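This report describes the strands, helices and packing of one structure. Please look at the sequence and the 3D view first.

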Amino acid sequence: MPSAYTTLISVPELQALMASARPRMVFDCSFDLMHPSSGGAQYLEAHIPGAVHADLDRDLSAPHGAPGAGGVIVAAEGDEPASGGRHPLPNRERLASWLSSIGFANDMQAVVYDRNGANYCGRLWWMLKWAGHDAVAVLDGGLQAWQSAGLPVASGEEPAHFQSNFRLGAPLRELVTADEVQARLGQPGQTIVDARATPRFRGEVEPLDPVAGHIPGALNRPFPQNLGPDGRFKSAEQLRAEFDALLQGRPAGSVVHQCGSGVSAVPNLLAMEVAGLGPTGLFAGSWSEWCSDASRPVERG
């Protein structure tokens with residue numbers, strides 16, 4: 001068994017981990033943007049035995065508070081978010097407090113999954129890296145892969161864990177702000193990769209945010225392109241070839257990922273790491289933060 005799983009973990013590897021004495025915690029991050037309460041309902045209906053539910057709105061995003069000038073989110077002291085956008089990133093201290101409250105400790109291997117093509121569990125994978133915790137991996141294929149292997153699921157609530165004292169470490173991934181993205185627009189040291197569906201990227205439709213379009217100069221790679229027909233990530237070789245074709249000679253280290261609200265950008269970031277091209281940056285506020293400021297440039301087409 002490797003010292004830590006840090007990108008993907010397969011169903012057989014998770015089975016072996018759960019059968020071992022190694023400290024670990026499994027997180028079910030299932031969610032639905034259009035029906036926010038359904039993730040919790042799905043968890044109660046079926047989840048990997050022992051998994052903790054991590055809700056995108058309640059646990060993995062900061063409280064919105066009241067909108068301030070220029071779309072800046074104003075929150076109570078201590079709750080000030082680390083980004084703007086529809087799903088503002090909680091600050092690292094708030095994240096550590098939540099991890100401690102559910103009993104997650106620094107010596108644990110974290111495994112995150114969802115039933116949504118790794119769309120939502122990637123958020124917690126990235127947040128743990130940002131908190132300085134490297135031992136976190138995405139279950140390749142999600143809950144569907146677990147069930148397809150004929151493995152048991154549990155229903156209802158799980159017993160609560162004793163509180164721990166999770167200690168923050170130096171960030172292992174880069175959080176990029178809207179101002180930093182704007183300051184580097186058009187420079188060779190930055191390549192924006194937008195994970196939204198192509199019609200949204202082009203500005204043909206916009207179901208969620210007030211302005212349609214994309215950040216000038218951004219490249220488009222819809223995040224589902226990282227998965228094969230079986231719902232698992234494509235091979236490292238195939239992912240590398242696809243990102244090389246997208247970047248067309250631009251340095252992989254120049255990439256900053258974004259999407260609508262900083263969530264579905266993470267599968268692209270993870271895929272680049274699987275391909276041996278990462279780590280790369282994340283603009284967590286993404287399009288929803290960018291377009292909330294009328295002074296920021298917008299491109300269509």
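## Strand 9 and its neighbours

Strand 9 and strand 10 run parallel and are joined by 2 bridges; strands here are DSSP runs of E with at least two residues, helices are runs of H or I with at least four, and both are numbered from the N terminus. Two strands are said to pair if DSSP finds at least two bridges between them. The model is predicted: local features need pLDDT of at least 70, side-chain atom pairs count only at pLDDT 80 or more, and totals for chains, interfaces and linings use all residues. Residues are numbered from 1 along each chain as its sequence is written, and side-chain values use heavy atoms, with hydrogens and water left out.

D194 stands opposite N220 in strand 10, and D194 also has Q258 as its bridge partner in strand 11. The pairing of strand 9 with strand 11 is parallel and spans 4 bridges. Strand 9 is covered on both faces: T191 and V193 on one side, and I192 and D194 on the other, are all buried. Buried means under 20% relative accessible area, exposed means over 50%, and partly exposed lies in between, with a 1.4 Å probe and protein chains only.

## The sheet around strand 9

Strands 9, 10 and 11 belong to an open sheet of 5 strands with the order 8-12-11-9-10 and parallel pairing. Strand 8 (175-176) and strand 10 (219-220) are at the edges with a single partner strand each, so one side of each has no neighbour in the sheet. Strand 8 pairs with strand 12 (residues 281-283) in the parallel sense over 2 bridges, and L175 stands opposite L282 in strand 12.

Helix 9 packs on this sheet and touches strand 9 (191-194), strand 11 (255-258) and strand 12. The direction of helix 9 makes about 145 degrees with that of strand 11. Axes are lines fitted to C-alpha atoms, for helices over the stretch in contact, and angles run from 0 to 180 degrees between N-to-C directions. Contact means heavy atoms within 4.5 Å.

## The other sheet

Another open sheet of 5 strands has the order 1-7-6-2-3, again with parallel pairing. Its edge strands are strand 1 (8-9) and strand 3 (52-53), each of which pairs on one side only. Strand 1 is joined to strand 7 by 2 bridges, with I9 opposite L139 in strand 7.

Strand 6 and strand 7 run parallel with 3 bridges between them, and A110 has V136 as its bridge partner in strand 7. Strand 2 and strand 6 pair in the parallel sense over 5 bridges. F27 stands opposite V112 in strand 6. Helix 4 packs on this sheet, touching strand 2, strand 6 and strand 7, and its direction makes about 170 degrees with that of strand 7.

## Helix 4 and helix 9

The axes of helix 4 (residues 121-130) and helix 9 (residues 266-274) come within 9 Å and cross at roughly 60 degrees. Helix 4 supplies G122, R123, W125 and W126 to the contact, and helix 9 supplies V266, L269, L270 and E273.

Of the residues in helix 4, 10 of the 10 are buried, so this helix is largely enclosed by the rest of the structure. Among the buried residues are R123 and K129. After helix 4 comes G132, with a positive phi near 95 degrees.

## Nonpolar cores

A nonpolar core is a set of buried Ala, Val, Leu, Ile, Met, Phe, Trp, Tyr and Cys residues joined through side-chain atoms within 4.5 Å. The largest such core has 57 residues, and those with the most contacts inside it are F27, W98, F104, V112, L124, W125 and W126. Helix 4 gives the largest share of this core, 7 residues.

Outside its own sequence neighbourhood of up to four places, W125 touches residues including V112, V136, L269 and L270. A second, separate core has 17 residues, including V11, V26, Y113 and L151.

## The loop before helix 4

N119 lies in the loop between strand 6 and helix 4. Is N119 buried or exposed? N119 counts as buried, at 11% relative accessibility. Leaving aside residues up to four places away in sequence, N119 touches D114, F223, V263, S264 and P267.
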